[in-house]
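This report goes through one protein structure, part by part. Please keep the sequence at hand while reading.

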Amino acid sequence: MKRLNLILSFAFLSIGFQSFAQTDKETTIKIVADKNYNFIANTATPMSNNDINRILAAMPGSQAGSSINLTGSQYDVKVTKDSIVAYLPYFGRSFSAPMDPTQGGIKFTSKNFTYKESKNKKGMYTIQIETKDVIRENYRFTINISTNGYASLTASSINKQPIYFNGYLEEPKKKD
């Protein structure tokens, strides 16, 4: 009887873990191969240094060096064959600030970029995107994608310290 309970427990746990996946394996393979997906950011983690840790420690309910919850904030990167559209926050040290305060963060549309894709033996993808036509500064994104649609993105540029985002992939919504 104990063995049966143990087996059933493992079965329910494995079913539960699979139900939390963002996309199934076939969908993930399809949208990455088509170069048509959205990366939705759930958390941001600045590449910590002492100044950033002090600022994060001063935020209510935050711990120094911890990640910042972005759930429900609609921060994303839209990838298509002909464009990259990024709308992400930035927490960290920037070595040059924009004149217009509404231009902060990582916000751009790029039509001139390089896109390199590789896949390891376990089926995880690594995508490297480098923009070439962003007015203020060009970015390098490294996106690591698991087979069930979870992903991480590291954004770096010459004028800002790198920042790390955790999130997931989703299929773009079809336009009616």
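How many residues lie between S6 and S7 in the hairpin they form?

## The S6–S7 hairpin

The model described here is predicted. Five residues separate S6 and S7 in their hairpin, and Gly123, in the turn, has a positive phi of about 95 degrees. The two strands run antiparallel and are joined by seven bridges. Lys119 has Tyr125 of S7 as its bridge partner.

## Helix H2

Helix H2 covers residues 25-33, and its buried residues are Thr28, Ile31 and Val32. Viewed down the axis of H2, these buried residues fall within an arc of 100 degrees, so they line one face of the helix. An α-helix has 3.6 residues a turn, so residues three or four places apart point the same way. Glu26 and Ala33, on the other side of H2, are exposed.

The buried residues of H2 pack against five strands: S1 (37-46), S6 (113-119), S7 (125-131), S8 (139-145) and S10 (163-170). The hairpin strands S6 and S7 are thus among the packing partners of the helix. Just after H2, Lys35 takes a positive phi of about 50 degrees.

## Strands S4 and S5

Strand S4 (residues 84-88) and S5 run antiparallel, with five bridges joining them. Tyr87 stands opposite Lys107 in S5.

Strand S5 spans residues 106-110 and has two faces. Ile106, Phe108 and Ser110 make up the covered face, while Lys107 and Thr109 make up the uncovered one. Lys107, the residue opposite Tyr87, is therefore on the uncovered face of S5.

## The nonpolar core

In soluble globular proteins, nonpolar side chains tend to be buried together. Here the largest nonpolar core has 33 residues. Those with the most contacts inside this core are Val77, Leu88, Ile106, Ile129, Phe141, Leu153 and Phe165. One of them, Ile106, belongs to the covered face of S5.

Leaving aside residues up to four places away in sequence, Ile129 touches Val79, Ile84, Phe113, Thr114, Tyr115, Tyr139, Arg140, Phe141 and Ile143. Phe141 is thus a contact of Ile129 and is also listed among the residues with the most contacts inside the core.

## The largest pocket

The largest pocket holds about 300 Å³ of space. Its lining comprises 17 residues, and those nearest its centre are Asn36, Asn38, Thr80, Pro172 and Lys173.

H2, S1 and strand S3 (76-79) each supply at least two residues of this lining. H2 therefore appears twice in this account: its buried residues pack against strands, S1 among them, and the helix also contributes to the pocket lining.

Technical notes:
Residues numbered from 1 in each chain as written. Predicted model: local features only at pLDDT ≥ 70, side-chain atom pairs only at ≥ 80, totals over all residues. Heavy atoms only, no water. Buried < 20%, exposed > 50% of the residue type's maximum accessible area, 1.4 Å probe, protein only. Helix = DSSP H or I, 4+ residues; strand = E, 2+ residues; numbered from the N terminus. Arc of directions from axis to C-beta. Contact = heavy atoms within 4.5 Å. Core = buried A, V, L, I, M, F, W, Y, C linked by side-chain atoms within 4.5 Å. Pairing = 2+ DSSP bridges. 1 Å grid on protein atoms, 1.4 Å probe; cavity = no way out; pocket = protein on both sides within 12 Å on 5 of 7 lines; lining within 4 Å. Points joined across faces, edges and corners; volume = space filled by probe spheres on them.
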